Amino acid sequence: MHPQTIDLDLTRLRHVLERLEWRQPSVPVITVAGTNGKGSVTAYCAAILAAAGYRVGTFTSPHLRDYRERIRVHDRLVTQDELLWAFERIETARIAPPGELSLTFFEYNTLAAFLIFEAAKVDAWVLEVGMGGRLDAVNVVDATVAVVVTIGLDHQDFLGQTLEAIAQEKAGIFRKDRAAVLGSRELPATLLEAAASLGATPKRLGSEFDYSREAGHWRYLGIRWDLPGLPSPALAGETQFANAATAVAALEELEACLPVSAAAVAQGLKSVQLPGRFQVIAPRLEKPMWILDVAHNRDAARVLKENLRALPNVGKTLAVCGILADKDAPAIAAEVRECFDAWWLASTDGARGTSAAILADRIAEQLSAPLAIADDIAAACAAASAAAGPTDRIVVFGSFHTVGPALDWLESQGLLAPATGNTQTGSYASASRIY
């Protein structure tokens, strides 16, 4: 439908939205950007709002196993009928006079989410930026609260070669006289400068809000909220405390229109689910532990390394790894090489995929542990599983294109409970996972 898979430009979307006579949402919108952590912050925001009794529309990308994961209407995945209704409306507007327009895969996703949330009359929207911010399709919506979680090197071909340039792109989601929540203690100065130039109000981790760890609990301290005794986030890893605090900071800004109790915050933190983010599948039936993480850049690999070190293990740690061709595979491998006793490299699918043999050529010099290659993720998982003992653990990482098929394989082996309609199903498992 469009000559380029990724084409960051809001002009086409705005023309289609005009033809649809679409208007900005009448309910609060939280837009979340960031090199890493944005999926977690989005999940916390949605879970806490749901715990407070609000109906939430949540848009995320990419999906792991089912295209419908991208659009959630409160407590369920979007239905096929809802998607087809939205696509028909989009297509009618796309080809209408004065001339036919083309849209990318991601632009169709985004427009469908807007129409479905509007029709469902949800109480709030939580939108995860696909790439960057300024020219991402999500940014046609004026966020009530904009969040930038982290800034790292990723998608440089589209966003710029430096942290400062990438920060400028992500700052494009900020709006005048509205909160700009910054979820890291180490962010480029250009992000604050951009917020100031746009007239946004910065709310920084370590300044306008912060968190502290307490015995078995943690505490959020913001501009108006002081929430001691919060439970540890359900998502594993030390970085999740900062992500959870960032989500709470965003919700604090909506207090006037969407009040949230401390009990709802606690319930949301305990109930949140996000597959593929240091997801641990406990060992059973003399089988090894499995850990799945979509870490696909150097910063995410560093967090994966820290999380693995914090999780005790008496046996070996084995890697199943697949990384897309446009990622910095050597940097990722260098970050985690000391964590693994053996590697199985797998080919990844799609236009941005690469073969296991090419991946091996790219990262072999970074590794000292034994290395094997496999035709696909399922074959790599099977080989690693056959080599693992009951005290070992297998870590699957490197991409959504890696973790999604691994989840399918684990389910086929009876190591993962079958997906349900409220989480994932296999109905659209073959759909592209474009950013």
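User: What makes the space lined by Ile 281, Ala 282, Pro 283, Arg 284, Lys 287, Pro 288, Trp 290 and Leu 415 the second largest cavity's, and how is a lining residue recognised?

Analyst: Those eight names are the lining of the second largest cavity, because a cavity is a set of points, on a 1 Å grid over the protein atoms alone, where a 1.4 Å probe fits but cannot get out, and lining residues have an atom within 4 Å of a point. This is a predicted model, in which local features need pLDDT of at least 70 and side-chain atom pairs count only at pLDDT 80 or more, while totals for chains, interfaces and linings use all residues. Residues are numbered from 1 along each chain as its sequence is written, and side-chain values use heavy atoms, leaving out hydrogens and water.

User: How do you know which residues of this lining are nonpolar, polar or charged?

Analyst: Ala, Val, Leu, Ile, Met, Phe, Trp, Tyr, Cys and Pro count as nonpolar, Asp, Glu, Lys and Arg as charged, and the others, Gly among them, as polar; the lining therefore divides into six nonpolar, no polar and two charged residues.

User: Why is Phe 278 called buried or exposed?

Analyst: Buried means under 20% relative accessible area, exposed over 50%, and partly exposed in between (1.4 Å probe, protein chains only), so Phe 278, at 6%, counts as buried. Its phi is positive, about 45 degrees, although Phe 278 is not a glycine.

User: And why is Glu 21 called buried or exposed?

Analyst: Glu 21 has a relative accessible area of 62%, and is therefore exposed. Glu 21 also has a positive phi, near 55 degrees, in a residue other than glycine.

How values were computed
1 Å grid on protein atoms, 1.4 Å probe; cavity = no way out; pocket = protein on both sides within 12 Å on 5 of 7 lines; lining within 4 Å.
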